[in-house]
Amino acid sequence: MRCIPGPGELCQRTNIQRWRLDRQWCEFVPEINAGGSVFIGGNLCPIQIHVGRRADIYVAFEIGPTIYFLNDSNALIIYDSNNLMQYRFNVPLTDSIALSLFSGVIGEAIAEVKLYVAYVVDGEFQLDAQPINFTVNPATSITPLSVLPEQDTVVPSSRAEIKIHFDRALDASSVDDNTLSVFGRWSGVLSGALSLGEDKRSLRFLPDRDLFAGEQVFVTMAAGELSAIDGSEFPGGYSWSYWVESATAPMAFEKIGVVSTRSPGSQTQIQTYGAYAGDLNQDGWSDFIVPNELSNDLRVFLNDGAGGYGNFSIIPIEGAVKPSPNEGADFDGDGDIDFAVGSAWGHHVHVFLGDGSGALSQTQNLFVGERVRGVCLADFENDGDPDIIATSYIGNLVALFTNDGAGNFSDAVTFDAGDGEWSCASADMNADGLTDITIGTRNSNELIVLLSNGDGSFTESGRIPAAGDPWMLAARDVDRDGSVDIVAVNANSISLTVSMGMGNGELATPVSYSLAVDGVGFPLAVDLGDLDGDGDLDAVTSDFRTQLFLIYENQGDGTFLRLPNQLTAIGAASCAILHDRDNDGDLDITGIVEVADELILFRH
């Protein structure tokens, strides 16, 4: 046994007690592409007893007489025995860890490179017995190396700089205002100054306004927008999201008001079900849209500038049959929030364009199939604009509608993803910079992950029993390990389930939490947000039968504790929105009551 020159000295300087030589790579491609950088792809297989632990990984490369290491930013640096800490990066160990390694300036073909990988658990190195030999060929495309803020992290600044670092120098003439788009889930389109970094390998975006406290922020870069000075191009899109910090506050909420969604003096039920809290008139306050199933319309409440809602406008939905699932985005690229809502008992997704003043105009009815139960928005074909995914329960299908950039959507491309497709959630499930889809089915009771191929098509990466009938899904990193997890409410099984993401598109077996109160319940919705400002995402569920909004506090590791301060509705609690309604820096809760047709305002 011998230690290579770099790791050998590392072995001594870190007081490693022993080396293990029984590790091996599961998969490796010995011939790889390079250019401004080199990437080595493979799967690291840790010892089984270490699976589930976090470990420091060291990666060393021997090129001729020189030893290189990777630092925690995946940057290749020459080995320096006096500064060992810069070489390690910390990851959770799973059965198979997908690695994209060795990002450093090479720029030419290399006949032979030797790769060594080790990780440290409990002060002991686990080392590959033999180096892996490979050759390097010139690369032809630009590759992102790292982003800031990092995926699904919480940042303390509402104007945090956004940065994406690439493997080679970019051509400045290919960078313009359309290269990067940023959207706050509630605050809408974020404008700012985009510039090329001094090293010409980074794009920097400085926002020109504040985002809303506690909201999720989506960053998207379209395919084909960039070129490098070596002539290579950026063939695929790239997207990620992060969260804005909310103020630290106790988990205490005060009911400060009830707002009727019915017309003044009316006693006729309209069955308000669903909500969106975007800033429709760009005044810096969270407005409110609610679909109504019996009146087949939208009602728009503009924030009064103090966190309250008064008068509302009514927008009929042509062709709607009990509209409910919904989401907002900028469909036509004009900087205003637009809106899509599906007919839960009909066949269509209805598209509305906003005018920036709070008004919405219906432009399309997109045919999905009978009973549209899920609507998700994201750039699924990587051309820089949001597309629509919708599910049809009776049609037993998933439908994709692609956007032409002007807010006009194509006819559906449909595919089967299980038995009784109901709920959906969009997020990057395998950390490749592409937005994937998770589908919840209510006949086969499954969670199915569909990985994006970058062109509007998907490949199933796995399916697991859902431990219930997933009525609604949320895709977020709840255990803060860098991988997206799936949180679901299950109506008939009266449960909240959490399925941890493995980082490769697969999900772990769900952990279940009972939502029953005295054995009763029918939960319809879950939303996530950092209610107490401690940096992790808490959950609020809404129950039609118990008339309760239940608060579940995240314990920091993705486990949840039900709090005693449950919030009560008079009528059916159908969904809750977590947003900073009064702009005081912490998250408030707005509950929707389906039977009484009310908004309940809970102040933090």
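Hi everyone. Let's start inside the protein: cysteine 376 and cysteine 424 are both buried. They also form a disulfide, with their sulfur atoms 2.4 Å apart. I should say right away that what you see is a predicted model.

How many disulfides does the structure hold? The count is one. This pair ties together distant parts of the chain, since cysteine 376 sits in strand β29, residues 372-378, while cysteine 424 belongs to strand β33, residues 421-427. Along the sequence the two cysteines are 48 residues apart. If you look along the S-S bond, the torsion is about 120 degrees, so this disulfide is right-handed. Another cysteine to find on your screen is cysteine 575, which counts as buried because its relative accessibility is 9%, under the 20% cut-off.

Now let's step back and look at the whole chain. What does the secondary structure come to? It comes to one helix and 48 strands, so please be patient with me when the strand numbers climb. The chain has 604 residues, and 60% of them count as buried. Take the contacts between residues at least 6 apart in sequence: 55% of these join residues at least 24 apart. As for the outside, the chain exposes about 22500 Å², and carbon and sulfur atoms supply 48% of that.

Next, a strand I would like you to follow with me: β35, residues 446-452. Are its residues mostly covered or mostly open? Mostly covered, with seven of its seven residues buried. We can go through the two faces in turn. On one side there are Glu446, Ile448, Leu450 and Ser452, and on the other Leu447, Val449 and Leu451, and every one of these is buried.

Who are the partners of β35? One is strand β34, residues 436-441, which pairs with β35 in the antiparallel sense over four bridges. Within that pairing, isoleucine 439 stands opposite isoleucine 448 of β35. The two strands make a hairpin with four residues between them, and there asparagine 445 takes a positive phi near 50 degrees.

Another partner is strand β36, residues 458-465, again antiparallel to β35, with seven bridges. Here leucine 451 faces threonine 459 in β36. This hairpin has five residues between its strands, and glycine 454 in the turn shows a positive phi of about 90 degrees.

Let's move on to a small sheet. Three strands form an open sheet in the order β22-β23-β24, with antiparallel pairing. Why do β22 and β24 each have a side without a neighbour in the sheet? Both stand at the edges, each with a single partner strand, so one side of each is left free of a sheet neighbour. From one strand to the next, the twist averages 25 degrees. Looking closer, strand β23, residues 297-303, runs antiparallel to β24, and six bridges join them. In that pairing, arginine 299 stands opposite isoleucine 314 of β24.

These strands come back when we turn to the nonpolar cores. In soluble globular proteins, nonpolar side chains tend to be buried together. In our model, the largest nonpolar core has 29 residues, and those touching the most other members are Phe288, Ile289, Leu298, Phe339, Phe352, Leu360 and Leu599. Which elements give two or more residues to this core? They are β22, β23, β24, β26, β46 and β48. Apart from this core lies another one, of 26 residues, including Val182, Leu190, Met221 and Phe234.

To finish, let's visit a few loops. The peptide bond from leucine 148 to proline 149 is cis, with omega near -10 degrees. You will find proline 149 in the loop between β12 and β13.

Then there is lysine 322, in the loop between β24 and β25. Its phi is near 55 degrees, a positive value in a residue other than glycine. Lysine 322 is partly exposed, because its relative accessible area of 26% lies between the cut-offs of 20% and 50%.

Finally, look at aspartate 518, in the loop between β40 and β41. The phi of aspartate 518 is also positive, near 55 degrees, again in a residue other than glycine. Is aspartate 518 buried or exposed? With 77% relative accessibility, over the 50% cut-off, aspartate 518 counts as exposed.

Thanks for listening!

Terms used: Residues numbered from 1 in each chain as written. Predicted model: local features only at pLDDT ≥ 70, side-chain atom pairs only at ≥ 80, totals over all residues. Heavy atoms only, no water. Buried < 20%, exposed > 50% of the residue type's maximum accessible area, 1.4 Å probe, protein only. Pairing = 2+ DSSP bridges. Disulfide = S-S within 2.5 Å. Contact = heavy atoms within 4.5 Å. Areas by Shrake-Rupley, 256 points an atom, 1.4 Å probe, with all protein chains shown as cover. Axes fitted to C-alpha atoms, helices over the stretch in contact; angles between N-to-C directions. Core = buried A, V, L, I, M, F, W, Y, C linked by side-chain atoms within 4.5 Å.
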